[in-house]
Amino acid sequence: MHRCRRSSVVRDSSTAPPLKALGPEHPDTATSLNNLAALYQSMGRTDEALPLYQRTLAISEKALGPEHPGTAFPLNNLAGLYQAMGRHDQALPLEQRALAILARHGQSPVELAMSQGNLAELYARLDQPPVAIFYGKQSVNGFQTLRANLTRLDKDLQEGFLKKHEAYYSRLAGWLIDAGRLAEAQQVTTMLKEQELFELVRRDAASDPRTSQASLTGFEPGFARQFDTLASQLASAGRRLEELERKARHEPLTADR
């Protein structure tokens with residue numbers, strides 16, 4: 001289940017002026033194009049949705065920049081359409097790029113967890129279950145971290161958050177079952193019942209089962225460390241790039257700077 005996202009460069013198309021009045025590169029043009037593409041996709045008219053998503057991405061890259069977190073959303077949308085069309089090899093680099101952008105900026109933890117889950121689903125479709133499981137665990141653990149921050153909120157809000165994202169848990173559990181990793185699958189399925197368990201046993205906050213994480217096994221801990229290192233390097237490079245761009249706007253760059 002790949003979720004369609006609206007680009008952050010765009011606003012509600014119901015209030016946007018006509019496209020001709022905006023111009024082809026205006027952010028609100030991307031709004032209308034993205035929403036029309038989503039409509040076509042929902043109707044199964046993928047060939048008509050494709051050029052609209054591609055143009056939405058191009059506008060976002062020009063308006064925000066290719067590494068801006070807002071550009072991750074149209075990347076995900078286009079990747080999701082390629083997945084729906086069975087063009088998984090074309091979807092993969094887009095999903096990887098979207099994830100790298102979100103990991104680098106660290107500003108959208110929900111979007112990051114969703115992006116990891118989308119990449120997990122893509123690897124599953126590419127018949128790479130160990131990698132799918134790894135990214136599935138990263139996704140679920142991201143949602144679990146967010147849930148831990150919600151434990152003092154109203155019960156309905158907590159349950160609503162889990163309900164909205166439970167498909168990511170269910171898919172991961174299914175992949176683990178298919179791989180014969182039943183103990184890990186049970187750990188994940190238990191997370192979906194943690195609110196009920198907590199209400200039943202009334203554990204203290206230190207052992208609150210709603211804050212548990214999916215265990216990393218085998219190659220996964222090393223892969224996670226590599227991922228964290230890469231994200232840190234991307235963040236550092238991104239900050240340096242932004243600093244150079246900021247200087248370039250105020251003074252010309254020379255050969256030694």
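The model I am showing is a predicted one, and the confidence across the protein chain averages a pLDDT of 80, with 71% of the residues scoring at least 70. Please keep one stretch in mind as we go, because over residues 6–17 the pLDDT falls below 50 on a scale of confidence that runs from 0 to 100. That stretch nevertheless has 34 contacts in the model beyond its near neighbours in sequence.

Let me turn to the overall fold. The secondary structure of the protein chain comes to 11 helices and zero strands, and if you read along the sequence you simply meet one α after another, in the pattern α-α-α-α-α-α-α-α-α-α-α. Of the 257 residues in the chain, 42% are buried. When we take the contacts in the chain with a separation of 6 or more, residues 24 or more positions apart account for 62% of them.

Now to the way some of these helices pack. In general, two packed helices are described by the angle between their axes and the distance between the axes, and I will follow that habit for three pairs.

The first pair I have chosen is helix 6, residues 109–125, with helix 8, residues 155–178, and here the axes are 11 Å apart and the packing angle is about 30°. Since angles under 35 degrees count as roughly parallel, helix 6 is roughly parallel to helix 8. The crossing of these two helices is left-handed. On the side of helix 6, the residues that meet helix 8 are V110, M114, G117, N118, A120, E121 and A124, and their partners in helix 8 are F161, H165, Y168, R171 and W175. Sorted by class, the residues of this contact divide into seven nonpolar, three polar and two charged.

Helix 6 also packs with helix 4, which covers residues 72–84, at an angle of about 25° and with the axes 12 Å apart. Helix 4 and helix 6 are therefore roughly parallel to each other, and their crossing is left-handed. From helix 4 the contact draws on F73, N76 and Q83, while helix 6 supplies E111, S115, N118, E121, L122 and R125. By class, this contact has two nonpolar, four polar and three charged residues.

What about the direction of helix 8 relative to helix 9, parallel or antiparallel? The axes of helix 8 and helix 9, the latter being residues 182–191, come within 8 Å and cross at roughly 170°, which makes helix 8 roughly antiparallel to helix 9. In this contact L162, Y169, L172, A173, L176 and I177 of helix 8 meet L182, E184, A185, V188, T189 and M191 of helix 9. The classes here are 10 nonpolar, one polar and one charged.

I would like to finish with two individual residues. D127 is not a glycine, although it has a positive phi of about 60°, and you will find D127 in the loop between helix 6 and helix 7, the latter being 129–148. With a relative accessible area of 65%, D127 is exposed.

The other residue is P221, whose place is in helix 11, residues 220–250. P221 is partly exposed, with a relative accessible area of 28%. If you look for F134 on the structure, you can see that P221 and F134 are 87 residues apart in sequence, and that their C-alpha atoms are 9.3 Å apart in space.

Technical notes
Residues numbered from 1 in each chain as written. Predicted model: local features only at pLDDT ≥ 70, side-chain atom pairs only at ≥ 80, totals over all residues. Heavy atoms only, no water. pLDDT = per-residue confidence, 0-100. Contact = heavy atoms within 4.5 Å. Axes fitted to C-alpha atoms, helices over the stretch in contact; angles between N-to-C directions. Helix = DSSP H or I, 4+ residues; strand = E, 2+ residues; numbered from the N terminus. Parallel < 35°, antiparallel > 145°, perpendicular 65-115°, else oblique. Left-handed = near helix turned anticlockwise from the far one by under 90°. Nonpolar A, V, L, I, M, F, W, Y, C, P; charged D, E, K, R; others polar. Buried < 20%, exposed > 50% of the residue type's maximum accessible area, 1.4 Å probe, protein only.
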